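Visitor: I should like to go through this structure with some questions on its side-chain contacts and backbone geometry. May we begin?

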Amino acid sequence: YECHTQRRSDSYKAYSHPLREGKMTCTGCHSPHGATTEKLLVRQTTNDTCYQCHAEKRGPFLWEHAPVVDSCTTCHDSHGSNNDRMLVSRMPFLCQRCHVTSRHPPTVYEGSTLMTSQNANKIYGKSCANCHQQVHGSNHPNGKFFLR
């Protein structure tokens with residue numbers, strides 16, 4: 001932390017890895033003496049590094065969510081975040097970075113749409129994850145939409 005003050009700051013955010021509690025260390029993910037990977041990761045990719053603790057997210061899934069295959073850091077801040085589940089942005093804004101107006105109102109906070117749209121009932125709780133709970137992937141027959 002002496003050299004990486006921003007990462008120290010990240011560890012004090014509302015949601016972060018349990019570094020301060022001593023349940024893990026920086027070397028669980030990073031090699032301090034060098035590595036062939038970007039960011040000195042112990043594993044070959046960011047996802048492989050995350051999967052060493054979060055194996056249930058690995059898959060393979062019949063229906064895979066493309067950002068998950070690409071990189072966990074598309075949606076998650078790996079060092080710490082003030083958003084639930086270490087997300088880089090709050091729901092529904094995280095989802096709306098890629099998904100806009102697809103069978104739902106364009107923005108959940110647009111008052112006129114809530115009053116006139118028959119889709120307004122789909123945005124209770126202001127979180128896509130209320131219905132789309134299997135966002136990492138699903139093997140369910142109707143899992144194409146990552147529903148419960």
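Visitor: Is R7 buried, partly exposed or exposed?
Guide: In this predicted model, R7 has a relative accessible area of 34%. Buried requires under 20% and exposed over 50%, so R7 falls in between and is partly exposed.

Visitor: With which residue of helix α1 does R7 form a salt bridge, and at what N to O distance?
Guide: R7 lies in helix α1, residues 5-11, and its partner is in that helix too, three residues away, about one turn. The partner is buried, with a relative accessible area of 2%. The side chains meet in a salt bridge, and the residue and N to O distance are D10 and 2.7 Å.

Visitor: Which residues are joined with D10 into one network of salt bridges?
Guide: D10 meets the side chain of R7 in one salt bridge. The side chain of K13, a partly exposed residue with 25% relative accessible area, also meets D10, at 3.2 Å from N to O. How many salt bridges the model has by the rule applied is a separate count, namely four. Among them, D84 pairs with R85 at 3.8 Å between the closest N and O atoms. Salt bridges that share partners join D10 into one network with R7 and K13.

Visitor: Where is R85, and what is its phi?
Guide: R85 is in the loop between β3 and α4, and is partly exposed at 45% relative accessibility. Most residues other than glycine have a negative phi. R85 is not a glycine, yet its phi is positive, at about 60 degrees.

Visitor: Is M86 buried or exposed?
Guide: M86 is found in the loop between β3 and α4. Its phi is also positive, near 55 degrees, although M86 is a residue other than glycine. The relative accessibility of M86 is 13%, and the limit for buried is under 20%. M86 therefore counts as buried.

Visitor: Which peptide bond is cis in the loop between β3 and α4?
Guide: Most peptide bonds are trans. The loop between β3 (80-81) and α4 (93-96) holds P92. Omega is about 0 degrees for the cis bond that joins P92 to its partner, and the bond is M91 to P92.

Visitor: What is omega for the peptide bond from G59 to P60?
Guide: P60 is placed in the loop between α2 (46-51) and β2 (63-64). The bond from G59 to P60 is cis, with omega near 10 degrees.

Methods
Residues are numbered from 1 along each chain as its sequence is written. This is a predicted model: local features need pLDDT of at least 70, side-chain atom pairs count only at pLDDT 80 or more; totals for chains, interfaces and linings use all residues. Side-chain values use heavy atoms; hydrogens and water are left out. Helices (H or I, at least four residues) and strands (E, at least two) are DSSP runs, numbered from the N terminus. Buried means under 20% relative accessible area, exposed over 50%, partly exposed in between (1.4 Å probe, protein chains only).
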